[in-house]
Amino acid sequence: MREFNLGFVLFPNLTQLDFTGPLQVLSRLPGGKIHIAARTAEPVPSDCHLGLMPTCTFQDCPQLDLVCVPGGFGVAGALKDTDTIDFVRRQAAKAEYVTSVCTGAFILGAAGLLEGRNATTHWAYTELLPLVGARYTPGRIVKDGNVITAGGVTSGIDFGLQIVADIAGAEVAQSIQLGIEYDPAPPFNSGHPDRASQSVKALVAPRYEASRAIYREALDAKA
């Protein structure tokens with residue numbers, strides 16, 4: 001297969017699994033070359049105290065065939081960073097795939113890439129998608145043209161496998177799934193608000209209510 005440049009965008013306090021989930025899958029794509037881009041070459045802190053090391057900066061990153069923007073509580077800060085938004089917009093202009101995981105969708109939106117498109121994001125933030133011109137569409141992976149958005153956190157693994165299937169075929173994607181033993185069987189059936197109990201939802205509600213307010217403020221400032 002031809003060389004395929006896959007790039008991830010880093011910013012402080014991103015959710016590391018939004019990034020490392022699809023990274024683990026896409027790093028196994030035949031012909032794939034991974035680029036991890038950030039404003040500087042310094043380690044980028046994630047939301048779980050794990051430092052993430054860029055392989056390039058926004059200035060020296062090559063043109064990407066696929067650009068992926070992870071999410072996390074750091075998105076509100078990234079929305080205010082013109083270097084990050086400009087990098088995503090510039091790369092998206094020529095990329096074959098423009099993608100996001102979780103609330104990374106709002107960075108795509110701030111770059112003007114979701115206007116009039118179907119999109120998804122983490123369940124706690126779907127009501128904010130119209131603020132960036134997107135139509136919320138339920139689904140773990142939502143594709144609209146060359147723009148692909150994935151839902152919250154672990155959906156990035158599903159997204160990665162779908163991308164591999166699109167590029168290299170379903171059998172290659174299945175071989176990667178088998179290699180990483182991605183065979184989910186969680187101990188609890190509470191991974192989506194449609195299935196979680198009211199008491200479980202009450203435990204996380206304050207966290208997301210506060211976060212939505214921060215996101216809304218950041219998005220309103222971009223409008």
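In which sense do strand 10 and strand 11 pair, and over how many bridges? To find out in this predicted model, select residues 141-144 for strand 10 and residues 147-150 for strand 11; the two pair in the antiparallel sense, over 4 bridges. Within this pairing, pick out Val-142, which stands opposite Thr-149 of strand 11.

Next, widen the selection to the whole sheet, which is open, has 7 strands with mixed pairing, and follows the order 5-2-1-6-7-11-10. Its edges are strand 5, at residues 56-57, and strand 10, each of which pairs on one side only. Helix 3, residues 82-92, packs on this sheet and touches strand 1 (4-9), strand 2 (32-38), strand 6 (66-69) and strand 7, while its direction makes about 160 degrees with that of strand 1. Now add helix 5, which lies across strand 1, strand 6, strand 7, strand 10 and strand 11, and which runs at about 160 degrees to strand 7.

Stay with strand 7, residues 97-101, and select Val-98 within it. Val-98 counts as buried, at 2% relative accessibility, and, if its neighbours within four places in sequence are left aside, its contacts are Val-67, Ala-92, Leu-108, Leu-113, Asn-146, Val-147 and Ile-148. If you draw a distance from the C-alpha of Val-98 to that of Val-153, you will find 17 Å in space for a pair that is 55 residues apart in sequence.

From here, turn to the largest nonpolar core, a set of 69 residues in which Val-88, Phe-106 and Ile-107 touch the most other members. Helix 5, residues 155-168, supplies the largest share of this core, with 6 residues. Centre the view on Val-88 and, again leaving aside neighbours within four places in sequence, show the residues in contact with it: Val-9, Val-69, Ile-107, Leu-108, Ala-111 and Leu-113. As a general point, nonpolar side chains in soluble globular proteins tend to be buried together.

Finally, select the cysteines, among them Cys-48, Cys-68 and Cys-102. How many disulfides are there? The count is 0. Cys-48 is in no disulfide, and the nearest cysteine sulfur, that of Cys-102, is 13 Å away from it; Cys-48 is also partly exposed, at 39% relative accessibility. Cys-68, by contrast, counts as buried, at 0% relative accessibility, and its sulfur cannot be bonded to the closest cysteine sulfur, in Cys-102, because the 11 Å between them is too far for a bond.

Key:
Residues numbered from 1 in each chain as written. Predicted model: local features only at pLDDT ≥ 70, side-chain atom pairs only at ≥ 80, totals over all residues. Heavy atoms only, no water. Core = buried A, V, L, I, M, F, W, Y, C linked by side-chain atoms within 4.5 Å. Buried < 20%, exposed > 50% of the residue type's maximum accessible area, 1.4 Å probe, protein only. Contact = heavy atoms within 4.5 Å. Disulfide = S-S within 2.5 Å. Pairing = 2+ DSSP bridges. Axes fitted to C-alpha atoms, helices over the stretch in contact; angles between N-to-C directions.
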